[in-house]
Every structure is written in C-alpha cells, then in structure tokens.
Amino acid sequence: MAVRAKAALKPPAIKPLSRRKAWTALKAHYKTAQALHLKKLFDDNPRRAEEFTLEAVGIYLDYSKNRITDKTLKLLLDLAKESGLRERIDAMFRGDKINVTENRAVLHVALRAPKNETILVDGKNVVPEVHTVLDKMTAFSNRVRSGEWKGHTGKRIKNVINIGIGGSDLGPVMAYEALKHYSERSMTFRFVSNVDSTDFAEAILDLDPTETLFIISSKTFTTLETMTNAHTARDWSLKGLGGDEKAVAKHFVAVSTNEAEVSKFGIDTANMFGFWDWVGGRYSMDSAIGLSTMLAVGPDNFRAMLSGFHQMDEHFRTTPFERNLPVLLGLISVWYNDFFGAQTVAVLPYEQYLKRFPAYLQQLTMESNGKHVTLAGKPVNYETGPIYWGEPGTNGQHSFYQLIHQGTRLIPCDFIAFGKALNPLGRHHDILIANVCAQTEALAFGKTAKQVKAEGTPDWLVPHRVFEGNRPSNTLLLDRLTPEALGKLVALYEHSVFTQGTIWQIDSFDQWGVELGKVLAQRIIPELESKTEPKLNHDSSTNALIRRYRNLKNS
C-alpha cells in the first residue's frame with residue numbers, strides 16, 4: 001500500500017448533520033423503530049440471528065440483539081456514505097493532516113504497518129522510522145529479559161516500573177494485564193501514573209533499587225505528573241545506589257522526543273526511544289510507549305499484537321461498510337446515542353485478563369469524541385461521545401447489572417468472550433460462557449408478567465419480577481485471548497470511535513479539554529507552596545479551598 005499525504009486537510013465540505021438526507025430519514029424511521037421489541041423482531045424473522053451476524057479477521061460479531069431492522073441498517077450506511085466516511089478513512093491512511101486543530105496527520109495505523117509499506121507524511125516515508133524504533137526496542141528488550149543488561153551494581157534487572165500518565169499509562173497497564181498469561185513471570189512489572197504520592201510509594205514498597213528499571217514515558221519530558229514521579233524515582237534510586245549519579249543511566253530509560261531534557265535527567269540518549277507527533281497519546285500503546293509491554297511479553301508476542309492491529313486496520317480500510325466490523329459498531333452506537341438518547345455504553349469482557357480494558361476504552365472513546373464543536377468550529381446541536389464503562393463478567397452481574405436489566409436507563413452493552421480459556425479449570429469456562437449467553441438473552445427478551453405469574457408468584461410481587469427486555473447488546477466472540485486478538489480488539493474500537501467522530505463531524509484526535517485544568521494547576525501550585533500568605537485572585541470557592549488546604553497543611 002503506497003500512499004501519499006496531502007497538505008493540511010481543511011474541514012470537509014459536508015452538510016451539517018441535521019441537514020443530511022439520511023439523518024432526516026433516520027429521525028422519521030426512529031418514530032416507528034422505537035416501539036419495536038426484540039422479541040417481535042426475532043419472532044417475525046427466524047433467520048435474524050444469521051442475517052445480523054458477521055465474522056471477519058477472527059472476530060464473530062452477533063449484533064442481532066439490537067433494536068434495528070434492515071431499514072435501520074440501510075439508513076445508517078447511507079449516513080456513513082453521506083458523511084464522507086470513505087473519504088475520511090482514505091485521508092487518514094494516506095497521512096493527510098486530518099487533526100485539523102493541531103495540523104497533524106493521524107497515523108497510529110503506521111505503527112503496525114509491515115516494513116514493506118509506504119506511508120508518506122510531508123513527502124517522507126515514515127514506515128522505516130517505525131521499524132527502526134521497533135528494532136531498537138527489540139534489542140533492548142532481549143538484553144533486559146536475558147539478563148545481559150545489568151544494573152549499576154552488576155545485578156540483573158528483575159523489576160520494571162513504567163512512569164507515565166494518560167495514554168502513556170492506560171495502554172501499557174491494560175496490555176500488561178491483558179497479556180499477563182504470556183508475561184515473563186520472573187520479573188515484576190508495575191505502573192505509576194498518579195501524582196498522588198501513594199501511587200509511587202506502593203509501587204516501590206517491596207523492591208530493591210539495584211534490581212529496578214524505570215521507563216519514563218513522556219513525549220515532551222515536561223508533563224507535570226510524570227516528571228514529578230520521575231524525579232521521585234530518581235531520588236529513590238540514587239539513595240539505594242549510594243548516590244552515584246552515573247547509576248541513573250543503568251536504571252532509567254526514556255520514551256520521549258526531547259533529547260535535551262532526557263540527557264539533563266541523566267538518561268543516556270542511546271536509551272531514548274522516540275515517537276512522533278502524528279501519534280496521539282491514547283493511540284500510542286503499539287509505539288515505543290509499549291516498551292514495558294514488550295519487556296513483559298517479549299518481542300515476538302509484541303509483534304503478534306501489531307499483526308492483529310494491522311489485520312483490523314486493513315479490514316477497516318478495504319471492506320465494504322455493510323460487512324465492516326468497526327463501521328457497524330460505530331453506526332449502531334450513533335443510533336443509540338443520538339436517537340434513543342442512550343448516554344452510556346457498557347463494555348463487559350468475560351475474561352479476567354481484560355479487567356482494565358473498559359478503563360482503557362474510557363480514554364480512547366471519551367477523550368476522542370467528547371467534543372462540543374464541529375471540525376469547522378461550529379457548536380453541535382446533537383449528542384456526541386457517550387460515556388463508556390464496565391467491569392469483567394461475572395463480577396458485574398452481582399453489582400450493576402440490576403440497573404441494566406430493570407432500571408429506567410437504556411444502556412447498550414458490548415459483551416466480549418472467548419471460546420477457549422487460557423487457564424482451563426473443570427467447568428469454569430462453560431459456566432462463564434453460559435452467563436454471556438444468558439445475560440444477552442435476558443436483556444433482549446426479558447420476562448413477562450404472564451410468565452412470572454405462571455411460576456406461582458403472588459400478584460403483589462409480580463411487578464418486581466418482570467423484566468421488560470428490549471435491552472440491546474452486541475456479542476463479540478473470539479477463539480482465545482492472544483496478543484494478536486488483543487491487537488484486533490483495540491483496533492476495532494479505535495476505528496469504531498473514528499466512524500462515530502466522522503458522523504458527528506468532530507475532531508477525534510485533539511484533546512483541548514484537558515488543557516485548562518493543567519494550566520490553572522500550574523498557577524495554584526505556588527500558591528499552595530508559598531511560605532507567606534499569597535494574594536488570591538480566583539473565584540470565592542477556589543480561594544476558600546486554597547486557604548483551607550493551607551491551614552490543614554500547616555496545622
């Protein structure tokens with residue numbers, strides 16, 4: 001695939017969403033579709049389960065338990081075409097600067113492109129650079145994992161701590177937990193992100209500085225939380241290593257682009273792993289930000305994960321929309337978000353290793369599509385990004401599923417399951433998957449008052465035991481959780497987010513919403529630390545909180 005980037009991409013000349021023909025048609029269709037019940041949809045079409053399923057790149061998607069018809073799908077697909085989704089996909093893959101507010105290309109897909117592909121940004125093929133960094137990561141990982149890399153005192157590295165925040169933490173944490181089955185168990189891996197000192201204190205509590213390697217992950221090497229934790233780690237290491245400044249180079253490496261600051265910190269720039277401004281933080285887990293992942297599972301497994309990403313990328317890029325997994329998931333999400341008023345989406349992995357997957361998706365989805373203006377800077381008059389949340393099954397069944405089944409809110413659900421357990425124990429996996437099937441069945445079809453009465457339930461108790469049903473869900477079924485499968489799942493949601501953002505005509509790749517609080521914090525820090533009473537010019541609430549904190553701190 002040889003592709004050439006264009007110059008900075010202006011917002012596409014697409015009609016406002018409310019004026020698109022397909023959108024108007026969907027609004028009219030919703031008036032009848034909202035009254036449809038899944039039970040009737042299945043009763044009327046015995047082949048519904050076959051017609052509303054799709055299998056591609058090793059993922060089986062059952063979307064039959066959604067409140068959609070053939071007409072719904074046709075109109076949603078029309079909306080995708082009318083919204084310029086095909087053109088937008090092509091623009092991303094060829095490296096156009098579709099992040100218009102930062103004038104940047106959006107090329108996380110280049111991070112997993114095979115070595116022989118060509119993707120040009122400003123006339124330069126970026127794929128060779130990607131593989132140069134991958135090869136450097138591979139060589140370093142092999143040295144650490146084999147014991148060739150030694151700490152300052154000559155001891156082997158047994159502990160790795162990744163220090164980052166946001167995309168420099170959530171991706172590595174999620175990937176480590178997801179792929180723990182494949183990790184090097186003779187090594188300990190921990191992650192520090194919160195500037196709350198407890199996060200760091202607990203991470204190093206039982207570790208030996210002579211056997212500990214820190215990965216400092218910060219593109220600019222100036223991120224407040226990350227660098228505060230990094231300097232605390234440096235002090236802790238030096239204290240345990242006799243105070244020799246040269247020790248830093250053996251116990252710290254950097255994932256950054258700021259060579260001057262990395263060197264100033266004491267890290268050998270030969271051990272600095274770079275990445276690029278065309279990779280957003282929340283899309284960076286398969287870049288050098290994933291160094292901790294590679295150290296944990298090894299280069300071969302890391303590259304298998306990249307292969308999974310790339311397979312989904314190609315599926316998204318080349319497959320007609322009606323058979324395109326990310327496109328269908330994205331369009332269904334738009335259907336519930338903008339027509340049914342569903343404010344949240346529950347992601348429910350029935351795989352304990354995916355316990356951090358919903359948290360990872362929170363940043364991916366909500367930082368991407370939590371926007372209130374269009375690409376052209378005009379206020380939207382429709383809902384954009386929903387709230388994503390979830391926990392692994394079956395734990396969630398005994399906490400929040402009550403609200404999903406019988407509450408007043410419509411909460412579409414994504415169930416994720418695997419045909420084979422990584423740790424098979426007797427009946428465990430059969431019981432686990434039985435719960436997946438049972439929950440989606442119960443959500444869809446419910447239990448009528450007649451059925452409840454037939455069980456001999458007293459009349460006064462019947463209303464409490466009725467399940468309305470008609471609660472929508474998708475089920476994603478894969479063979480087993482492998483590195484390749486994880487790559488496919490992450491890319492699936494990446495491209496679903498992209499699809500939704502394209503429909504809403506927003507920039508899914510900037511995150512200006514995180515900036516204001518950071519700027520104000522920099523102003524408040526010296527006011528909290530001042531030895532003398534500072535002059536405060538905030539609102540009365542913030543002024544009072546600062547004064548109260550200073551009193552508590554100094555009492």
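1. Which residues have the most contacts inside the largest nonpolar core? They are Trp 278, Trp 335, Phe 357 and Leu 486, and the core they sit in has 123 residues. Keep in mind as you read on that this is a predicted model.

2. Trp 278 is a good place to start looking. Leaving aside residues up to four places away in sequence, Trp 278 touches Ala 105, Val 106, Leu 107, His 108, Ala 110, Leu 111, Val 126 and Val 130. There is also a second, separate core, made of 24 residues, with Phe 200, Ile 216, Phe 265 and Ile 267 among them.

3. Now the cavities. Counting those of 30 Å³ or more gives three. The largest cavity holds about 100 Å³ of space. It is lined by 14 residues, and those closest to its centre are Leu 329, Ser 333, Val 345, Asp 414 and Asn 474. If you want to find it by secondary structure, look for α14 (325–340), β13 (413–418) and α20, the elements that each give two or more residues to the lining. The top contributor is α14, with four residues.

4. What is the lining of the largest cavity made of, by class? Eight of its residues are nonpolar, five are polar and one is charged.

5. The second largest cavity has a volume of about 40 Å³. Its lining consists of Leu 111, Val 130, Val 133, Leu 134, Met 137, Gly 274, Trp 276, Asp 286, Ser 287 and Ala 288. By class that comes to seven nonpolar, two polar and one charged. You will recognise two names here: Leu 111 and Val 130 line this cavity, and Leu 111 and Val 130 are also touched by Trp 278.

6. On to charges: the model has 31 salt bridges. The one I would show a colleague pairs Lys 371 with Asp 510, at 2.8 Å from N to O. Lys 371 is in the loop between α15 (357–369) and β12 (387–389), while Asp 510 is in the loop between α20 (483–504) and α21 (515–529), so this pair ties together parts that lie 139 residues apart in sequence. Are the two partners buried or exposed? Both Lys 371 and Asp 510 are buried.

7. For a local pair, take Lys 518 and Glu 515, whose side chains form a salt bridge at 3.9 Å, N to O. These residues are three apart in helix α21, so about one helical turn separates them. Lys 518 is partly exposed, with a relative accessible area of 42%, and Glu 515 is partly exposed too, at 31%.

8. Salt bridges with shared partners also build a network, which joins Arg 112, Asp 286, Asp 313 and Glu 494. Asp 286 deserves a second look, since Asp 286 also belongs to the lining of the second largest cavity.

9. One last pair: Arg 104 makes a salt bridge with Glu 102, with 3.8 Å between the closest N and O atoms. Arg 104 counts as partly exposed because its relative accessibility is 28%. Glu 102 is likewise partly exposed, at 23% relative accessibility.

Terms used:
Residues are numbered from 1 along each chain as its sequence is written. This is a predicted model: local features need pLDDT of at least 70, side-chain atom pairs count only at pLDDT 80 or more; totals for chains, interfaces and linings use all residues. Side-chain values use heavy atoms; hydrogens and water are left out. A salt bridge is a side-chain nitrogen of Lys or Arg within 4 Å of a carboxyl oxygen of Asp or Glu. Buried means under 20% relative accessible area, exposed over 50%, partly exposed in between (1.4 Å probe, protein chains only). On a 1 Å grid over the protein atoms alone, a cavity is a set of points where a 1.4 Å probe fits but cannot get out, and a pocket is an open set with protein on both sides within 12 Å along at least five of seven lines; lining residues have an atom within 4 Å of a point. Grid points are joined across faces, edges and corners, and a volume is the space filled by probe spheres set on the points. Ala, Val, Leu, Ile, Met, Phe, Trp, Tyr, Cys and Pro count as nonpolar, Asp, Glu, Lys and Arg as charged, and the others, Gly among them, as polar. A nonpolar core is a set of buried Ala, Val, Leu, Ile, Met, Phe, Trp, Tyr and Cys residues joined through side-chain atoms within 4.5 Å. Contact means heavy atoms within 4.5 Å.
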